Structure formats: C-alpha cells, structure tokens
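Trainee: I am new to this structure. Can we go through it in short questions?

Mentor: Yes. Look at it below, then ask.

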Amino acid sequence: MIRPLALGAALLLATAGGPSQTPASIQFEEIAGSAGLRFTLQNHPTPEKHIIETMAGGVAVFDYDGDGRPDVFFTNGASALSLSKQLPADSNRLFRNDGNLHFTDVTAKAGLAGAGYSMGAAVADFDNDGHADLFVAGVYRNILYRNRGDGTFEDVTARAGIRSDQWAVAAGWFDFDNDGRLDLFVVNYMKWTPGFTLYCGDYSRNLRLYCHPDVFEGLSNTLYRNRGDGTFEDVSARTGIDKHIGRGMSVAFNDYDGDGFLDVIVTNDKLPNFLFHNIQGKRFEEVGLAAGAALLDNGQPISNMGVDFRDYDNDGRPDISIVALANETFPLFHNEGDGTFRDVTYTSGLARASARHSGYCPAFADFNNDGYKDLFVSGGHVNDLIAETEPSRYKEPNMVFLNTSEGRFRDVSNTAGRAFSTTARAHRGCAVADFDGDGRMDVVVTALSEPTELWRNTTPARAGWVDVLLRGTKSNRDGIGSQVRIGRQVQLQTSAIGYASSSLGPVHFGGVGRDSEIEVRWPSGKLQRLPISKLNSVQVVTEP
C-alpha cells in the first residue's frame with residue numbers, strides 16, 4: 001500500500017494544487033539563437049542506415065558552476081564506422097548560463113568535448129562534494145566526469161570502475177539502498193557493431209531503411225553501487241537486474257508503492273517495459289506485467305521511447321508517461337495505489353491526441369502554474385523515409401498537452417505559439433528548467449542534424465510558485481529520492497527525465513498559496529515541515 005506523507009492541519013487546509021476552473025493557456029517562444037545556445041546535433045547519417053544514427057540526442061540541464069543558474073550540456077555523435085569524434089563539430093558541448101537568457105560555450109575550458117558516439121547524459125553529485133557531476137552514455141564509450149568545482153571536469157571513468165563494453169543509450173542516478181550515496185543505472189539498448197551490413201527495406205525500390213529492432217539481440221541493463229570512495233561496484237547480478245534482457249531506451253525512478261525505496265521503470269523498444277520493484281534496497285523484482293505497466297491493454301509491445309514517472313493527478317501516487325511512434329499512442333499508466341497501474345491512455349484523452357504522432361521525450365511539468373503537471377513531448381519519428389511506407393511523418397513539431405485537472409489532457413500545441421506548432425524536426429532529447437528565473441518552466445530540445453531549440457515559457461502568470469532547492473546532509477547532497485509535498489502536489493527530487501536526458505535543479509510547484517507549507521520526506525527517513533518563506537522565489541531546504 002502507498003505510505004502517504006504525513007499532513008499537519010495547516011497543510012490539509014492549503015489550497016495549493018486545487019482544481020482550476022479555467023487553466024491558463026500555455027505559450028512558448030523559440031529563442032535558442034538569440035540566447036547564444038547554438039548547437040547542431042551531428043548524427044552522421046549514412047547510406048548504410050546504421051541504427052545508431054537515429055538514436056542520438058541526449059541533453060542535460062544542471063548548475064555546473066554553482067551560480068544558481070541552470071546550464072546546458074549536449075551529447076553529440078561521431079563517425080558511425082570509427083565511433084570517433086573526428087571533427088570539432090562532433091564534440092559534446094557545455095553552455096554556461098550567463099543570466100538574462102544568454103549562454104556561452106565553455107566546452108573547452110570545462111574539458112567536456114568527450115569521445116566516441118555519445119547518446120545520453122545523467123547528472124548528479126555522486127561524491128557529495130556540492131558539485132554536480134556528469135555521466136555520458138554512448139556506443140561502447142561511457143564516460144564519468146567528476147566536477148572539480150572550479151569550472152572544470154576530470155574523466156574518472158577508469159578509476160571509478162565504469163565499463164564501456166555495450167551500447168548504452170541512457171542512464172540515471174538514484175540511491176537504491178538509501179545509504180546516502182547515489183548509485184548509477186545504465187540503460188543498454190542492443191547488440192550492434194559498425195560491421196553490421198544487413199539490408200533492411202525494399203531492395204527492388206532501392207529503399208533502404210533502418211532495421212527493425214527485432215533484427216537485433218537485446219541486452220540487460222547495468223547497476224553500479226556507489227562505494228563512497230570514488231569507485232563503483234557492478235551489482236547487476238547480485239540485485240537481479242541482469243536477469244532481464246530487453247532493448248532499453250530510457251529510465252526513470254520513483255517509489256510507486258510507498259515503501260521508502262526507489263523503484264525503476266525502463267522502457268524497452270518493441271518489448272514489454274521493465275518495472276523493477278526495489279526490495280528493501282537489497283534486490284529488484286521485475287513486476288512490469290503483473291503490475292500493469294509493461295504493455296497497453298491491447299497486449300502488443302510498442303516502440304517505447306522516453307519515460308517520465310510523476311504524479312500527474314495530485315493523488316500522491318507517481319504515474320508513468322511513455323511516448324512511442326505514430327499509430328501506437330503515448331501510453332499513460334495511472335497508479336492505482338495497490339501496487340498496480342491502470343492503462344488510462346484512452347480515458348485521459350492522450351490516445352486520440354497522440355495516435356497520429358511520434359515522440360521521443362516526455363516531460364511532466366506545470367507550465368501554466370495552475371498546480372497540475374502538463375505534458376511536453378519532443379516530436380519526431382525514427383525512420384527518415386517513413387512517408388515512403390506509411391502515412392506518417394519523420395519530422396514533427398513538438399507537442400504540449402494541457403492537464404485539465406480532471407484526469408484528462410488536451411493537445412494545445414497549435415495554440416502554444418506559431419513557431420512551436422510549425423517547427424518540424426527529428427526531435428530527440430529534452431530537458432526542463434527555469435532558465436531565466438521568472439517562475440515559468442522552459443524546455444530545451446535537440447534535433448538530428450538541425451539546431452537545438454530553447455522554448456521560453458511566456459504563459460501569462462496567474463498564480464504563485466515556489467522552487468524548493470534541497471540540500472541533503474544525512475541523505476545524498478542533491479536530495480535525490482526525496483518526496484516533496486505542497487498541498488495536494490507531490491514531487492520527487494530526481495534528475496532522470498524523458499529520453500536519454502537529465503534535469504537537475506529545484507523542485508518546481510505552481511498554484512501555490514501564501515498559507516501553504518512545504519513537507520519533505522528525505523531518503524534518510526527524516527520528515528521535515530516548514531512554512532513557505534516567500535512566494536515566487538527559490539527556497540533552500542537543508543536536511544536537519
């Protein structure tokens with residue numbers, strides 16, 4: 001059963017996150033160029049259609065220099081045959097947020113140009129020194145960077161014991177055993193090498209396509225336990241993670257059954273998803289099918305891409321959002337509170353709204369500050385020649401679905417701004433943050449072979465907001481795994497989001513009243529309550 005967060009009398013009377021009669025419209029404007037966030041994702045497409053070419057595009061948002069402003073890191077591709085960054089344009093990129101919506105490329109100084117064909121990014125302070133570190137997942141090349149705290153990073157992959165023997169697409173940080181140290185979950189996709197030459201498509205029409213995932217053997221995922229001395233131990237076998245073979249795409253964490261230990265959802269391409277139930281921080285039991293989170297009600301596996309694992313209806317229980325390709329819908333699984341999930345893709349309105357669309361990266365965030373999390377999805381298909389074989393599009397605009405607060409979502413993409421509804425690209429990774437500190441959540445998105453996009457949120461302000469910045473003492477420094485509640489809203493502090501991407505920053509709450517109270521349940525088990533000191537601001541909460 002779900003263990004509810006304890007509530008005081010004042011909290012029960014709070015109105016934060018209550019129903020909104022007329023949700024504010026959501027508006028975005030694209031400002032990447034004017035903001036200096038100039039980056040083009042190099043995926044190096046070839047006539048041979050190497051499948052890695054269409055899977056790139058992770059992005060991470062985190063405050064790498066501790067100035068209180070979210071910075072942006074992009075992974076980048078390389079030659080599909082050599083898996084080597086041979087051109088300056090192939091380097092991974094770090095952009096410092098200078099304030100006033102302006103960014104500066106600091107890649108060279110930071111030492112983050114990288115190596116190999118990079119895919120995903122995951123950020124967190126793994127050594128608890130107060131500086132956010134960075135893991136880069138790639139095709140036979142994983143890199144762990146330690147943030148020195150002086151604006152530079154050092155590659156500690158070998159010393160930390162991190163392997164690079166598989167194709168890793170994504171990763172995420174979480175403290176699976178609640179020992180105060182962040183552990184690393186690496187999502188592995190499938191067995192592929194540059195020597196793979198199978199022709200997929202229609203040879204008679206000279207129509208070569210990216211091969212279907214079923215052509216390839218799957219892989220198990222990898223779990224590294226943080227020893228606390230700068231090194232990691234592979235505990236995939238000991239915890240039961242490596243018993244399950246899939247085609248992993250992305251990962252997200254939350255405590256779906258309220259037992260105080262973070263569970264893991266892994267999306268699998270054209271296979272049932274994995275839901276790893278954390279058994280007291282000692283081992284994991286895969287319960288996806290039994291819990292109802294592995295497949296849609298029709299029982300057919302789909303092209304599960306990115307995932308987000310958050311409470312969208314303010315009932316205190318985390319739900320699961322997944323995106324897929326055209327004619328597959330964007331699945332939504334509602335947490336029933338008894339250890340199971342219910343497929344509400346149709347009843348939520350998402351099935352009809354998404355059926356003809358393809359997406360990669362879902363992200364729950366309250367974009368209009370009404371107290372309910374809306375859903376952003378980066379748009380784009382896998383197959384660049386999909387229009388030759390079916391009535392679908394390769395390049396699509398991004399999408400945003402308004403949470404009506406009644407358990408339903410409404411597609412408001414066409415009214416979110418002309419540029420938003422018409423910028424069609426092969427979008428991939430996405431990350432969410434308040435880049436200008438105005439209390440409205442913005443989105444950064446990557447696209448294959450085209451410029452990145454920075455969507456500034458210009459939604460009219462209608463309600464109060466608070467960003468809760470956690471500082472752990474007994475728990476990990478970032479407070480990752482903490483459950484934060486204001487009124488009916490519950491948020492997990494996590495940096496895992498969407499597809500191969502990561503967002504680390506304050507926990508955002510919209511629709512907040514002046515008499516609201518913040519409640520934090522830390523991973524250490526401590527329960528903390530405190531009043532909101534000031535609306536429309538960032539409030540730092542330190543673990544007692």
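Trainee: Is Y199 buried, partly exposed or exposed?

Mentor: This is a predicted model, where local features need pLDDT of at least 70, side-chain atom pairs count only at pLDDT 80 or more, and totals for chains, interfaces and linings use all residues. Residues are numbered from 1 along each chain as its sequence is written, and side-chain values use heavy atoms, with hydrogens and water left out. Buried means under 20% relative accessible area, exposed over 50%, and partly exposed in between, with a 1.4 Å probe and protein chains only. Y199 has a relative accessible area of 27%, so Y199 is partly exposed.

Trainee: What is the relative accessible area of Y203?

Mentor: Y203 falls in the exposed class. Its value is 67%.

Trainee: How many aromatic pairs does the structure hold?

Mentor: Rings of Phe, Tyr and Trp (its six-membered ring) pair if their centres lie within 6.5 Å; planes under 30 degrees apart count as stacked, over 60 as edge-to-face and the rest as tilted. By that rule, the count of aromatic pairs is 30.

Trainee: Which type of pair do F28 and F420 form?

Mentor: Their centres are 5.2 Å apart, with 20° between the planes. F28 belongs to strand β1 (residues 28-30) and F420 to helix α8 (residues 418-422), so named from DSSP runs numbered from the N terminus (helices H or I, at least four residues; strands E, at least two). The two rings are 392 residues apart, in distant parts of the chain. The pair is stacked.

Trainee: Are F28 and F420 buried or exposed?

Mentor: F28 has a relative accessible area of 5%. F420 is at 0%. Both residues count as buried.

Trainee: And which type of pair do Y199 and Y203 form?

Mentor: The ring centres lie 5.0 Å apart. The planes make an angle of 65°. This pair is edge-to-face.

Trainee: Which ring lies under the charged end of R428?

Mentor: A charge sits over a ring if NZ of Lys or CZ of Arg is within 6 Å of the ring centre and within 35 degrees of the ring normal. For R428, the distance to the ring centre is 3.9 Å. The ring belongs to Y360.

Trainee: Which residues touch the most other members of the largest nonpolar core?

Mentor: A nonpolar core is a set of buried Ala, Val, Leu, Ile, Met, Phe, Trp, Tyr and Cys residues joined through side-chain atoms within 4.5 Å. The largest one has 97 residues. Those with the most contacts to other members are W167, F185, F367 and V444.

Trainee: Which element gives the largest share of this core?

Mentor: The share is five residues. They come from β24.

Trainee: Where does S405 lie?

Mentor: Most residues other than glycine have a negative phi. S405 has a positive phi, near 75°. At 17% relative accessibility, S405 counts as buried. Its place is the loop between β26 (399-403) and β27 (409-411).

Trainee: What is the phi of H44?

Mentor: H44 sits in the loop between α2 (32-35) and β2 (59-62). With a relative accessible area of 24%, H44 is partly exposed. Its phi is also positive, near 50°.
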